[in-house]
Amino acid sequence: MGTPGQPGYAAAISAGRSFSISTSTTKAAFFANTLSLLDGRLQLLTGGRVQGTYRDTINNGLAAPQLVNLTHRSGSVGLNYEIVRNLRVYAGLSDSYTFPSLINDPYGYPLKYPQGLGKEVGIKLSTSDQRYSGTLALY
């Protein structure tokens, strides 16, 4: 929990102002893997992320001190398949999220973080010399 020794605490108290002081620590780990099958024509993709955020907030307003310890896991999977040389179809699915900033709601409580599910399908093509390439996607 926050302490009166944190920067800005004494000045805010003596001035009679409302304040919120937060400290935050974030750690994350990520992995990705690609598996090629059928002589490289089929590629399977997987990935994952684990992120943890610890936040300690003290307030002199309406809310009590807040300790937040959030952990979120997300993943992604996808595949692409070479129909003919230089033409591939692909699909992907991924989970996404954004941790809240250090800003609390008006009552001093931490904001919830938004989550989403991404879906994508499309084709990838290139010239035979690989000089030009393009993607057409729906998501």
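Among contacts in the chain between residues at least 6 apart in sequence, what percentage join residues at least 24 apart? In this predicted model, the share of such contacts that join residues at least 24 apart is 51%.

Begin with the whole chain selected, coloured by secondary structure if your viewer allows. You should find 1 helix and 6 strands, and if you follow the chain from the N terminus, the elements run in the order α-β-β-β-β-β-β. Now switch on the surface: the accessible surface of the chain comes to about 9600 Å², and carbon and sulfur atoms account for 59% of that area. Of the 139 residues in the chain, 24% are buried.

Next, select residues 20–37, which form strand β1, and pick out A28 within that strand. A28 counts as partly exposed because its relative accessibility is 48%, a value that falls between the limits of 20% for buried and 50% for exposed. With A28 still selected, add R49, V50 and Q51, the residues that A28 contacts once its neighbours within four places in sequence are set aside. Place a distance label between the C-alpha atoms of A28 and V50, and the label should read 5.5 Å, although these two residues stand 22 residues apart along the chain.

Finally, move to strand β2, which spans residues 42–59 and includes Q51. Is Q51 buried or exposed? Q51 is buried, because its relative accessible area is 10%, which is under the 20% limit. Show the side chains of Q51 and R49 together, and look for the polar contact between them, at 2.7 Å. Both of these residues are also among the contacts of A28, where this part of the tour began.

Methods:
Residues numbered from 1 in each chain as written. Predicted model: local features only at pLDDT ≥ 70, side-chain atom pairs only at ≥ 80, totals over all residues. Heavy atoms only, no water. Helix = DSSP H or I, 4+ residues; strand = E, 2+ residues; numbered from the N terminus. Buried < 20%, exposed > 50% of the residue type's maximum accessible area, 1.4 Å probe, protein only. Contact = heavy atoms within 4.5 Å. Polar contact = N/O pair within 3.5 Å; in protein donor to acceptor, adjacent residues only side chain to side chain. Areas by Shrake-Rupley, 256 points an atom, 1.4 Å probe, with all protein chains shown as cover.
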